[in-house]
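Subject: Structure for your review

Hello,

The structure we talked about is below. My notes follow it, ordered by region.

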Amino acid sequence: MTKDNSRISRRHFLKGSAAVTALGSLAGCALLQEDFGTDEIDGIPDEPFRIVQMIFESGPPAFYGEEAMNASDMLVDRINDEGGLIGEREIEIVDRLDEDAGPDSLISDVQAMAQEGEVDMLMGIVSSAHSLAVAPAANDQQFPFLVTMPGTYQLFEENPDMEYVVRTAGSNAAGAVGAVRMVEQMDDVETVITIDPDYAWGHDHQEMFEAGLEAVGADVEIVESRYPELGETDYSAHVSAIADAEPDLLFSSLWGGDIATFVSQGVDGGMFEAVDQSLLIGDTGAPLLSSLGGSMPENVWLGGRGGYQPNYRYDEDEAHREFVDEYYERYDQLPGWGAYHEWMGFQALQEGVERAVSIIGDWPTGEQLTAAMNNIAFESPHGQHTMYGPQAAAPAVFGRPTDDHDLPVDHPLLGEFEFIEAAEVNPPEDDPTMDWVDELEPVTG
Amino acid sequence: MSTRLPTFGDMKAQELKGLLLDKRLLGGGVLFAALALYPGLTMNAYHTRLLAWIMCFAIAALGFNIVLGYTGLLSFGHAAFFGTGMYTVVIAMESAGITDLIVLLVLAMLAAGVVGAVIGALSVKTHEIYFALLTLALAQLLYVLAARDVGGLTRGTDGIGLSRPDFLGIPISEAPAHIYLMGFYYHVILVCLFATIAVLWLVLRSPFGLTLKMIRENETRAEMSGVPILRYRLYSMVLSAMIVGLAGALYAVVVGHVTPEYLDWTMSGEIVFMALLGGIGTFLGPIIGASGFIILQEVALGVTTYWHFTMGLVLFVVVLTLREKGIWGGAKALVDDLNERRDDS
Amino acid sequence: MSTRETDSTSTTQNASTEPILRTENVRKEFGNLVAVDGVSLEFYDDEIVGIIGPNGAGKTTYTNLISGALSLTDGTIVFDGDDISDLRKYKRVRRGLVRSFQIPQIYDELTVFENVQSSVLSRKQENNRLFSLTHRDTASIEETERLLEMFNLESHADEHTEHLPHGVRKILDVAMSFALRPKLMVLDEPTSGVGSREKNAVMETITDAAVERNIGLIFIEHDMELIRSYSDRIVALHEGRVLDDDDPAAVMNSEAVNQFILEGGV
Amino acid sequence: MPIESLLVNTFNGLYFAALLFFASVGLTLVFGILNLLNMAHAAFYGLGAYVAVWTLNNAGDVTTSTVVLLAMLVLVIPLVVFVLSAVLDKTVFAPLYEIEHVYQLLATFGVILMLDDVIKFIWGASPITVDGATDPSRQLGAIDLMGVSVSAYRSFVILIAVACAVGLYLMFVKTKLGKISQAMSEDYEMVQMLGINVNRVRVLIFSISVAIAALGGALFVPFATATPAVTLEYVLLSFAVIVIGGLGSLKGVVVAALVIGMVRSFGIAYFPALELAIVFGLMALVIIFKPEGLFGDEGVVE
């Protein structure tokens, strides 16, 4: 794209005008029609609110798709049991689109949905690359799209003027910068090895982690950065190299089957004995601990963006406890990353509809709904989950594996939690993430 | 007797042939007009997009078939050319600031041609499975370069989004997305498809095309007729790469986001799949194959979670029953068969 | 019956003119095995030379060295006055040194007409013409027609070659070689697989055409009758060396040839 | 480099080579002897992995005896797959022997897609690991090898691979089946004309080949995770192995598996940035400079 000034200013103008229009429609209606209780609304369509979920149903990431769909089914039932959105309009998941079909197919489907008008909202998406391809297309089609899982910081930085897209997933900065904050608090860490999957997710995390460490002036050196292939099945060469190097800290954003394989082969190769501490930030929730059984070493910190751990504030937070219990009862397993992210999505949807309806006194259009989901906050396991503009900012939460928990599973869960506020691990609104990370301020005095 | 060689039949054969040719031209013209008018008449953006998608891959499959169907080489590395076409457009637009569609398409074809020449030069000496795996390996190395963002141009696996190109200085990119596609870009693809068909039809019936067939049919004889076969294999790779690169370039704008996945061997596999499904032994088969593949995938995706199974089954059955004839050749054979029966009765 | 009246061996008769092909001390080793062991021979463009020898005598290896299918271990090959020892196969063909194979090498999915036309176009080095239609190319079409007529193939012109009888395939193979307008043709068992009644017809066709076009012929043959009838000269190879090189009668009566080749069975 | 890390990397390389051997030896045999390029071969490796995970995780109710568990992996699973593949050979694969390589590749790619979904249907899409209680690799722990502690289970896998290679070699040179197979690899029609029931030999060779792949998958899984990605990864790897080794050569598979195993192990340890490119780079180099592979000109066991 040319760095053509007229174009940039046009963009800004468009963005500005869109915001004005959206706000205007909200505020304008609010001015015209005073305050509305939900019972007085008559513009609620008879048919259910129709959602299409876009998730992986095939291929390795299908695991997240499965979790997300479990949570989705459960939450839709829950919401519908209470009459639906604002207690008035039920939700129906009309279709699931398999991300494995590739962006070509996904974008075509968005086009078809936008055109046929039989669907009210698109929701989901696991892959960051897919979110980057599909979100602008949905926006072009003026089709509301609630992005629930991918964390690439580029989504809104590359496409700053999307009025039909909101994302309830925290940016991946939270995990990487959260790890930097953890290192700040650690003593005796001088050498670090990073190991991340060889694609954007892994490289982004590694880059942010490294840049962040440098910015806060941590006295540590990343001695080696490793990038095993996505879906690697044999990490033994990496494991022995890491064990040989004996770093003080091991950092990794591996996820899914990869982190499970890596940890179990690492245990086998004596890696966790050679390494003092580890920070594993790539979706390391209950399913990982379950699949590893008792073999998760104790000198690791697991976690990352969001307090998406069943044992986190389980006793204090009733909503979280209900979510975990209900999920466990229904699926005989604890919720993981995919399930929690989907929950956040439905929270935003409920909140957004309520907000829009309370302002305009009518059922919102797609544009009004997405506008209403901007800048809201709602309950989550880690307290208030806040949207800044269309983008959520999640805090970072880390914990250590422990058998000391009350949940009905016989494998360790996380305990000894460390919580790092969202503001400390996310850039201020409109600040480019990498620039912000490069100038990260130290937290500890 | 067939009338492939009009100079050998009597004049009637010649006239018949001419008529047949006219009929084909007529059919092509009608089809072109119908396709050209479709978006305007139906105002169906989804169908327009689907057609644009299909036509891009039809061009790719046609280009691929030069190598498999005519020269007899199974390449599993054509994703390299498709991906090069896509990346050339997006990098030229985003980094070099080139926004004219024609310039972009030409650049993409040239770049893909160069990649084709390099991969071809390294691989034309090998045969069959070795050729397939060497092209696969070389293409995969290109994938690694893009996924690893070597040189800092590709931005890794998240890929690069691109804006819409202009046309001959007209700032058409400012039109809304669906108007751009339905009123302009779709037709560019359509023209490119028909131009590709026309050019390939001519080229494959030229002495050059005959030479490729000679190499496919009998390498020893071709060489013993004084044909430098390695050179002609290379030519066919470059020509094929350029056309597949054009397809990639056109497609980049349709999909709007370019990732290294388009350079991966599974992408090569899809192109092979399409060409085979339609029939590599026929000229138009690959087009039918691209349509069949995409429509089948869309339908299977809509109907079942187990769409891999469905696609696998179709591939298996088509390959086993129709082989090089594919759907198109199979259909033609069926029509001939029916005609014969009707003539008999 | 020889197609050519020669009253003495062509070697002596043509001593004054340049040979079209000359091999000097040609040698080929495969590992420890010496397949061709220093063969020096001369061939002229107006004679028909038969090569005989038992299996493993090096006949086929020798022809492969001439055509360039195998590279020389040692020695020199001179064709039409130029050293072609290191020349690529297709370049030898372009200079007029053409060989045919024991098993017909033709294009199965093309018609007989296209098969021959492809050779004509290749000879004219027009393979790289992109934007002209072969079925409108009058020059090559006319030449192809003449060739088909010459080899009595007109009736098969539009047939795909897969289903042709073996004898016709052989003839087609030779016709394609003739289309290349060679100066010298090397034929590896031109009648193998052809029914015994057809053999003479095939040989007649080939030798007539060679005489008409003034093309030198070298042919490997196991059938001693054919060799005797059609050769102007016979070269006998044994264990990679030249055993004898003389007119047919002399070779057939040679003691060594009788001992190693004729009695040993071919 | 220190001697310990040299040893550990060699061990890792051997282990990976053992897995590659299991995944690809059948592929090359089926090609060399039966002239079938079976792209779906590695899918049976993936299938073996899933069957093994399932077996081990369900065995916990009956036994946790290491010997019994290992016997299941080494004997029972390959046997079950052997029977299954005999059935497949008579049904799905039977028509494939008649067609050209190109079409074999594509039709068997179709088989991969189908098996993919069969696995998803039965076991779902989530990665599955073996439960700690029935995981022989955890039960066996580590052993000391020249002053370096290495996994006893992985050493066992390497030994099984060696035994398997020796067993195959002996089969080819000593048994009638082996001799017929060798003859078939040289001249299929001749063997057919000798009145030998080639179909029976075909079923045997095919089933043995597939069973070895499944054995590899079964042995692989205690130390790794069963995911849908395993199949596709090993499709490419196994083709790389047989092309580098030379199609149809037993020796070639052994050597190529060792080469890839070692290059990858040391490459990752000392040049981690190259990982993605290692196997493809190696494959490209070999085909460019030795198109027929390292031992491609030779027969099955020469």
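I start with a helix pair in chain C. From α6(C), the residues G167(C), K170(C), I171(C), V174(C) and F178(C) meet E198(C), V202(C), T205(C), I206(C), A209(C) and R213(C) of α7(C). Sorted by class, this contact of α6(C) with α7(C) has 6 nonpolar, 2 polar and 3 charged residues. Please keep in mind that this is a predicted model.

Helix α6 of chain C covers residues 166-179 and helix α7 of chain C covers residues 196-213; their axes come within 10 Å and cross at roughly 10 degrees. Angles under 35 degrees count as roughly parallel, and α6(C) and α7(C) are therefore roughly parallel to each other.

Next, the sheet in chain C. The 6 strands form an open sheet with mixed pairing, in the order β6-β7-β8-β3-β9-β10 (chain C). At the edges are β6 (97-100) and β10 (241-246) of chain C, each of which pairs on one side only. From one strand to the next, the twist averages 20 degrees.

At the β10(C) edge, strand β9 of chain C (residues 233-238) is joined to β10(C) by 5 bridges, and the two run antiparallel. Within β10(C), R241(C) is the residue that stands opposite H238(C).

A helix also packs on this sheet: α2 of chain C (residues 59-67) lies across β3 (48-52), β6, β7 (184-188), β8 (216-220) and β9 of chain C. Relative to β7(C), helix α2(C) runs at about 145 degrees.

For chain C as a whole, the count is 10 helices and 10 strands. The radius of gyration of chain C is 19 Å, and the globule rule gives 18 Å for 266 residues; the two values are close, so chain C is as compact as a globular protein of that length. Taken along the principal axes, the C-alpha atoms of chain C fill a box of roughly 55 × 40 × 40 Å. Of the 266 residues in chain C, 47% are buried. Among contacts in chain C with a separation of 6 or more, 71% come from residues 24 or more positions apart.

Chain A has a strand that may be of use to you. In strand β8 of chain A (residues 249-252), both faces are covered: L249(A) and F251(A) are buried on one side, and L250(A) and S252(A) are buried on the other.

Strand β8(A) has partners as well. Strand β6 of chain A (residues 191-195) runs parallel to β8(A) and is joined to it by 4 bridges. There, F251(A) in β8(A) is the bridge partner of T194(A). Strand β9 of chain A (residues 277-280) is also joined to β8(A) by 4 bridges, and this pair runs parallel too. In that pair, L249(A) has Q277(A) in β9(A) as its bridge partner.

Last, the contact between chains A and B. Chain A contributes 28 residues to this contact and chain B contributes 28 residues. On the side of chain A that touches chain B, at least two residues each are supplied by α3 (103-116), α4 (128-140), α5 (154-158) and α7 (200-215) of chain A. The most comes from α3(A), which gives 8 residues to that side. By class, the side of chain A that touches chain B has 12 nonpolar, 11 polar and 5 charged residues.

Regards

Technical notes:
Residues numbered from 1 in each chain as written. Chains lettered and ligands numbered in written order. Predicted model: local features only at pLDDT ≥ 70, side-chain atom pairs only at ≥ 80, totals over all residues. Contact = placed C-beta atoms within 7 Å. Nonpolar A, V, L, I, M, F, W, Y, C, P; charged D, E, K, R; others polar. Pairing = 2+ DSSP bridges. Axes fitted to C-alpha atoms, helices over the stretch in contact; angles between N-to-C directions. Rg over C-alpha atoms; globule rule 2.2 N^0.38 Å. Buried ≥ 20, exposed ≤ 12 C-beta atoms within 10 Å, placed from the backbone. Parallel < 35°, antiparallel > 145°, perpendicular 65-115°, else oblique.
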